[in-house]
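Q: I'd like a close look at the enclosed space in this model, and then at what packs elsewhere in the fold. Take it step by step, please.

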Amino acid sequence: MTPVPFGMRAEPRASRPQAGRHRARRRSQDKQGGRDRLYEIDLLRITAALGVVIYHYTFSGYARHLTSIAYPTLSIGTRYGYLGVDLFFTISGFVVLLSAWGRRPHEFVISRIVRLYPAYWVAVTITAIVSLTLSQRLFIVTPLQYVANMTMLNAVAHIANVDVVYWTLYAEIRFYLLVFVLACVGITRSRVVTVLWAWLAATAVVESHVLPAGVATTLDIIVQAQWSHYFIAGMALCLIYRAGYSWQLGAILAVAYANAVYQAINFGSLVANRYHQTLHSAVIAAVITVIFIAMTLIALRVTRGLGRAWFAVAGALTYPLYLVHAYNGFVIINLIGRHLNRWVLLVVMVTGMCCAAYAIHRLVEARFAGRLKRALTRLAAGQRRKLAYAGPPGAPPPATARPSSAPRRD
């Protein structure tokens, strides 16, 4: 299960003079608050990631017969760690909309590519190598599967993920598509509110099963009724963070929260049946409630005094940790688990994966993300110049200088 998350800068970059009043307002807020990052969200992100990691290592790995190390007492609580994904999606709705505000569409696309792909390419490659060489055929990766996964769009062709946790990335990309459309028409508060109400309505239509199965399935590719309430809540909270609370945003949050609890309990039943274990609806509802309360307090700026700069370091580990921990972790547990005390093993695994995540962040994300961004920015600028030179469809080509009648000097 995973994040993805993704894209953590919660405040704007330095703006250009023509960036507009939205960017200027955000800069003013930054100066007043003395902050350029929501450190509290970094803390929530790493907490969610560790919850998912421990869920896999202490509960689902053993329940799925992927490892032989059981934690029967600990797993009574850690079996709910998969709900870290629900927190990831809520955070994503918040920070991705905040990041896209004031950006041009191509800037938003570049920011998402730079944020998602470098660490992902490395993680897919590592997982494929480990699966083929050390898993003793527990996990199989074909060349076609590997290449398709490198695009992050393998789900479109119904090609299996190299690692189970990658399923959330496809959900994230579909959410990014919606934000991209908003960026194309121009992100304003009223437009976002309209989209959120429309998205809630579409979610209700899909959940009501009034549409033919084929139509509902096609519509749900965009709507994502299973997870839409988290993205919707995150976007509503982003609006609250930027401009303050309103009754409309409160109503959107209330509807999203109610549907989140409903869907989470239903999904919990599926998880319980899959693993032949018990998951209590009251616990699930309580976790979802805590997620909404925590994010609302951040949006209302109640938690501003709790942020610490080191939270950003921990938050930076979230995405690579999420990407590499599952199948790689299961393989390592099977290789060394019988030689270590299980509690020592758990500490070693979590610590080791955090170290691997830090290495990917420092050696890949920090080193190559800037280069990739500059290359994509130059490419986008070149394409815009070509379009500007070509002019609109049907327009005559630009006038060129008339050849001189003077004799050539060469």
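A: **The enclosed space**

The largest cavity holds about 30 Å³ of space. (A cavity is a set of points on a 1 Å grid over the protein atoms alone where a 1.4 Å probe fits but cannot get out, and lining residues have an atom within 4 Å of a point; points join across faces, edges and corners, and volume is the space filled by probe spheres set on them.) This is a predicted model, so to speak with strings attached: local features need pLDDT of at least 70, side-chain atom pairs count only at pLDDT 80 or more, and totals for chains, interfaces and linings use all residues. Residues are numbered from 1 along each chain as its sequence is written, and side-chain values use heavy atoms, without hydrogens or water.

Searching the whole structure turns up one cavity of 30 Å³ or more. Its walls are made by Tyr82, Leu83, Asp86, Gln226, Trp227, His229, Tyr230, Gln263, Ala264 and Phe267. Two elements, α10 and α11 (247-275), give two or more residues to that lining; helices are DSSP runs of H or I, at least four residues, numbered from the N terminus. The top contributor is α11, with three residues. By class, the cavity lining has six nonpolar, three polar and one charged residues (Ala, Val, Leu, Ile, Met, Phe, Trp, Tyr, Cys and Pro are nonpolar, Asp, Glu, Lys and Arg charged, the others, Gly among them, polar).

Now follow α10 along. Cys238 belongs to this helix, which spans residues 228-243. Its relative accessibility is 0%, so Cys238 counts as buried (under 20% relative accessible area; exposed is over 50%, partly exposed in between, with a 1.4 Å probe and protein chains only). Setting aside neighbours within four places in sequence, Cys238 is in contact (heavy atoms within 4.5 Å) with Phe94, Leu97 and Leu98. Cys238 and Phe94 are 144 residues apart along the chain, yet 4.9 Å separates their C-alpha atoms.

Phe94 deserves a stop of its own. Beyond residues up to four places away in sequence, Phe94 touches Leu38, Ile41, Gly234, Met235, Leu237, Cys238, Tyr241, Met295 and Ala299. Together with Ile288 and Leu323, Phe94 touches the most other members of the largest nonpolar core, which has 115 residues (a core being buried Ala, Val, Leu, Ile, Met, Phe, Trp, Tyr and Cys joined through side-chain atoms within 4.5 Å). There's also a second, separate core of five residues, among them Ile110, Val114, Leu376 and Ala380.

Back to cysteines for a moment. Counting pairs of sulfur atoms within 2.5 Å as disulfides, you get zero of them. Cys355, for one, is in no disulfide, and the nearest cysteine sulfur, from Cys354, sits 7.1 Å away. Cys184 has 46% relative accessibility and therefore counts as partly exposed.

Out in the loops, two residues other than glycine have a positive phi. Arg137, between α5 (105-134) and α6 (143-151), has phi near 65°. His209, in the loop between α8 (189-208) and α9 (213-223), has phi near 60°. Arg137 is exposed, at 69% relative accessible area, and His209 is exposed too, at 69%.

Key: On a 1 Å grid over the protein atoms alone, a cavity is a set of points where a 1.4 Å probe fits but cannot get out, and a pocket is an open set with protein on both sides within 12 Å along at least five of seven lines; lining residues have an atom within 4 Å of a point.
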